[in-house]
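Here's a quick briefing to read alongside the viewer. Have a look at the fold, then work through the notes below.

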Amino acid sequence: MLRLRGHHLICLNFFSGEGYDDIFIENLKDVLERAETENVEICDEADEICEKCPYLKDYKCQFDEHADEEIKEMDDTALNLLAIRKNSIVCWDKIKGNMPEIFPQWFRKYCIECDWKKACEKNHYYQRLRNKSI
Ligand code: SF4
């Protein structure tokens with residue numbers, strides 16, 4: 001079973017092949033493949049994506065001074081939008097199915113100022129949902 005945190009349930013949908021380094025990128029590909037066949041357990045801390053991230057130190061995101069608290073807030077927002085509880089088990093198809101409905105709110109709150117926006121903008125699905133959100 002995959003273990004993922006809230007904001008990755010949304011952002012992972014728009015993976016375009018980019019990431020911090022090769023290890024991180026290969027892991028993202030693997031996680032996406034596994035999501036098609038495995039259930040997802042929702043956690044509220046570093047997950048299977050964070051574990052291969054060069055910025056994870058002492059099990060906290062150290063991308064910048066406030067990153068860990070900002071990411072936890074994103075996790076909570078994502079779970080609220082998707083109506084999913086922490087520690088629950090969900091299937092990826094259900095998450096994907098909810099994306100068109102919840103994406104406009106997510107886009108307005110987070111995407112506009114996100115460091116990864118340029119990468120997501122290369123993803124066709126992201127482009128479709130974004131065009132409906134603006
Ligand atoms: S632009 Fe940023 S917040 Fe928006 S979906 Fe992509 S990674 Fe997530």
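Which residues does cysteine 43 touch, not counting residues up to four places away in sequence? The answer is Arg3, Leu4 and Arg5. Keep in mind that this is a predicted model. The notes start with that strand, then move on to the core, two helices, a loop and the ligand.

**Strand E2**

- Cysteine 43 sits in strand E2, and valine 40 is in strand E2 too.
- Cysteine 43 and arginine 5 are 38 residues apart in sequence, yet their C-alpha atoms are 4.9 Å apart in space.
- Valine 40 pairs up in a similar way with methionine 1: 39 residues apart in sequence and 5.9 Å apart in space, C-alpha to C-alpha.
- Valine 40 counts as buried because it has 24 C-beta neighbours inside 10 Å, and the cut-off for buried is 20 or more.
- Cysteine 43 has 18 such neighbours inside 10 Å, so it counts as partly exposed.
- Setting aside neighbours within four places in sequence, valine 40 is in contact with Leu2, Leu4, Ala35, Ile89, Val90, Cys91 and Trp92.

**The nonpolar core**

- The largest nonpolar core has 28 residues, and those with the most contacts inside it are Leu4, Leu9, Val40, Ile49 and Ala78.
- Two or more residues each come from strands E1 (2–5) and E2 (40–43), and from helices H1 (6–11), H2 (22–35), H3 (67–82), H4 (92–109) and H6 (124–133).
- H4 gives the most to this core, with five residues.
- Beyond its neighbours within four places in sequence, alanine 78 is in contact with Gly6, His7, Leu9 and Ile10.

**Helix H2**

- H2 has 14 residues and reaches 20 Å from its first C-alpha to its last, close to the 20 Å expected at 1.5 Å a residue.
- Its buried residues are Leu28, Val31 and Ala35.
- Looking down the axis of H2, those buried residues fall within an arc of 65 degrees, so they line one face of the helix.
- That buried set is covered by elements including E1, E2 and H4.
- Flip to the other side of H2 and you find Asp22, Ile23, Glu26, Lys29 and Glu33 exposed.

**Helix H3**

- The end C-alpha atoms of H3 are 22 Å apart, which agrees with the 22 Å that its 16 residues should span at 1.5 Å a residue.
- Buried in H3 are Asp68, Met74, Asp75, Ala78, Leu79 and Leu82.
- They cover an arc of only 130 degrees around the axis, which puts them on the same side of H3.
- Among the elements covering these buried residues are E1, H1, E2, E4 and H4.
- After H3 comes alanine 83, with a positive phi near 55 degrees.

**The E3–E4 loop and strand E4**

- Aspartate 58 is in the loop between strand E3 (56–57) and E4, and tyrosine 59 lies in the loop between E3 and E4 as well.
- Worth a look on a Ramachandran plot: phi is near 50 degrees for aspartate 58, a positive value in a residue other than glycine.
- Tyrosine 59 also has a positive phi without being glycine, near 60 degrees.
- Aspartate 58 has 7 other C-beta atoms within 10 Å and is therefore exposed.
- Tyrosine 59 counts as exposed because it has 10 C-beta neighbours inside 10 Å.
- Cysteine 61 has its place in strand E4 (residues 60–61).
- With 19 other C-beta atoms within 10 Å, cysteine 61 is partly exposed.
- Not counting residues up to four places away in sequence, cysteine 61 touches Cys50, Tyr55, Leu56, Ala67, Asp68 and Ile71.
- The C-alpha atoms of cysteine 61 and phenylalanine 15 are separated by 20 Å, with the two 46 residues apart along the chain.

**Around the ligand**

- Which residues surround the ligand? They are Ile10, Cys11, Phe14, Tyr110, Cys111, Cys114, Trp116, Lys117 and Cys120.
- H1 and helix H5 (117–120) are the elements that give two or more residues to this shell.
- By class, the shell has eight nonpolar, no polar and one charged residues.

Conventions. Residues are numbered from 1 along each chain as its sequence is written. This is a predicted model: local features need pLDDT of at least 70, side-chain atom pairs count only at pLDDT 80 or more; totals for chains, interfaces and linings use all residues. A nonpolar core is a set of buried Ala, Val, Leu, Ile, Met, Phe, Trp, Tyr and Cys residues joined through C-beta atoms within 7 Å. A residue is buried if 20 or more other C-beta atoms lie within 10 Å of its own, exposed if 12 or fewer, and partly exposed in between; C-beta atoms are placed from the backbone. Helices (H or I, at least four residues) and strands (E, at least two) are DSSP runs, numbered from the N terminus. Two residues are in contact if their C-beta atoms, placed from the backbone, lie within 7 Å. A residue is near a molecule or strand if its C-beta atom, placed from the backbone, lies within 6 Å of it. Ala, Val, Leu, Ile, Met, Phe, Trp, Tyr, Cys and Pro count as nonpolar, Asp, Glu, Lys and Arg as charged, and the others, Gly among them, as polar. The expected span of a helix is 1.5 Å times one less than its number of residues. The arc is that of the directions from the helix axis to the C-beta atoms.
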